[in-house]
Amino acid sequence: MGFSFDTTYKQLDSTLYSRVTPESIANPETLILNDGLCADLGVDTAKLDSEVLAGQDRLEEPIAQAYAGHQYGRFTVLGDGRAMILGEHVHDGTRYDVQLKGSGRTPYSGRGDGNATVSSMLREYLYSYAMRNLNIKTSRSLAVVETDDAVERRRTEPGALLVRVMNSHIRYGTFQYVASQASDELRRFTDYVIDRHYPQLNAEDRTYLEFFDAVMQSSIEMVVDWLRVGFIHGVMNTDNMSIDGETFDYGPCAFMNYYDEGTVFSSIDKHGRYAFGNQRPILRWNLERFAEALQPLCTQSPLTYDELEGKLDEFEDRFDAQYYTMMRRKLGIDSDGEKELVDEFLKWLRKSNADYTNTFLELETPGTFDDPAFATAEFERLRNELAAVGLDEGSMQEANPRYIPRNYLVEEALDEYLETGDLSKFERLLAVLENPYTSKDMGSQFQQPPPREFDAEYTTYCNT
Ligand SMILES: Nc1ncnc2c1ncn2[C@@H]1O[C@H](COP(=O)(O)OP(=O)(O)OP(=O)(O)O)[C@@H](O)[C@H]1O
């Protein structure tokens, strides 16, 4: 079977999207296809040739979605400027958006060319693949298709399309957009989103307050998962915050190596707004903007704005509870207590600036890494204290990855493809990241952090 589309978004108000046509593409070439995702979608890989993947053989008229968002704190009206939804694919009762990214201009492109470079789409493929295998809710990448067109960015590269699959692409920013339009659509749109994403808020107790609560909870879980593995999203604008707690838009993201809550890699994040340790306060800020977008619903019962603010006031406690539960799992502590020990360990991490990923592996199995940070009396003392209450191997193995996408290895793999057309390094990395918690030894080189100088200079880019 191929895709089986049934696009409910088109039943919404026409201001919410535009009907679009993918650009015609000469010689699309599939570089990589995600077999596991094809199986999950119930789609036969033989049906997905590069023409189909590039939207050239469409079953439905694609749409580009309208949305708004706070970008670096400033409100802007946006929309899919280089993306379009081919359709909503339904399989086994589950609905998925199938979206093309890098598919050409749309009514929302502004001055943009609508395109994406092959290295940035391969990069997004790899990070979303890693996140999924790290058991973090995320968009998934079905394929990368290279085109014949050259795309000019920092360097000129072949263009490419990414076929991206999500439960939906509805963002906090979609609500901001609907709320900013003088229309009655907000209530209908909110009901649509509840039906699609939170059907468990069933008819009797379905209130908009519970919807807000559920979105807040799924976002907290997502960001706590990021903190668990050292992920820095890099561009937590409200248009990149999924309503369903799915991580997406892997533009300037990267994983932290050496523990420092101020870590920023994105070239345009000059003030560290989206630094590793700022992801929690930024999530709260974003939720405030989301609550404001729901404000028009508060003029009628059952929701009042005070109730929404009451929920926001729970944010810190709820985030902390989730965060400490997660940290205890990383340290193999079963019980609910030991907050002080967790804090003491975090203090050590801040001071030592040790490699975040390897620290927990070293705690579990001392002597794994030849790193002076782990040969100190203080680390030894903390380990002994933890051993008295924690270090439960089972929980540690589930919480602590052995492999993350190390920034320098990702860059080497992408450079090799650009320079020689050889994808083997990239494919090897995907193989390592297929089972990031595996006990199988994939080779210690994949656990090696970069030289500190490389890490300090490392820069990621948006919209490439
Ligand atoms: N080359 C481009 N041409 C047209 N629009 C673009 C281009 N690059 C980015 N945009 C638009 O700029 C806005 C912000 O970009 P952002 O980096 O958040 O999105 P993106 O990486 O293109 O896509 P997404 O957030 O859906 O993963 C989006 O509305 C996006 O569609």
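This report describes the overall fold, one helix pair and the ligand surroundings of a predicted model.

**Overall fold**

The protein chain contains 16 helices and 10 strands. Its radius of gyration is 22 Å, close to the 23 Å that the globule rule gives for 464 residues, so the chain is as compact as a globular protein of that length. Along the principal axes, the C-alpha atoms of the protein chain occupy a box of roughly 65 × 60 × 40 Å.

**Helices α6 and α8**

Helix α6 spans residues 208-229, and helix α8 spans residues 305-313. The axes of these two helices come within 10 Å and cross at roughly 20°. Angles under 35 degrees count as roughly parallel, and α6 and α8 are therefore roughly parallel to each other. The crossing of α6 and α8 is right-handed. On the α6 side, the contact is made by L209, F212, D213 and M216, while α8 contributes E307, L308 and K311.

**Ligand surroundings**

The ligand is surrounded by 18 residues. The closest of them are L78, G81, G112, D249 and N463. The shell around the ligand includes 9 polar residues, together with 5 charged and 4 nonpolar ones.

The table sets out the residue classes for the ligand shell and for the contact of α6 with α8.

| Site | Nonpolar | Polar | Charged |
|---|---|---|---|
| Shell around the ligand | 4 residues | 9 residues | 5 residues |
| Contact of α6 with α8 | 4 residues | no residues | 3 residues |

Polar residues are thus present in the ligand shell, whereas the contact of α6 with α8 has none.

Methods: Residues numbered from 1 in each chain as written. Predicted model: local features only at pLDDT ≥ 70, side-chain atom pairs only at ≥ 80, totals over all residues. Near = placed C-beta within 6 Å. Nonpolar A, V, L, I, M, F, W, Y, C, P; charged D, E, K, R; others polar. Axes fitted to C-alpha atoms, helices over the stretch in contact; angles between N-to-C directions. Helix = DSSP H or I, 4+ residues; strand = E, 2+ residues; numbered from the N terminus. Parallel < 35°, antiparallel > 145°, perpendicular 65-115°, else oblique. Left-handed = near helix turned anticlockwise from the far one by under 90°. Contact = placed C-beta atoms within 7 Å. Rg over C-alpha atoms; globule rule 2.2 N^0.38 Å.
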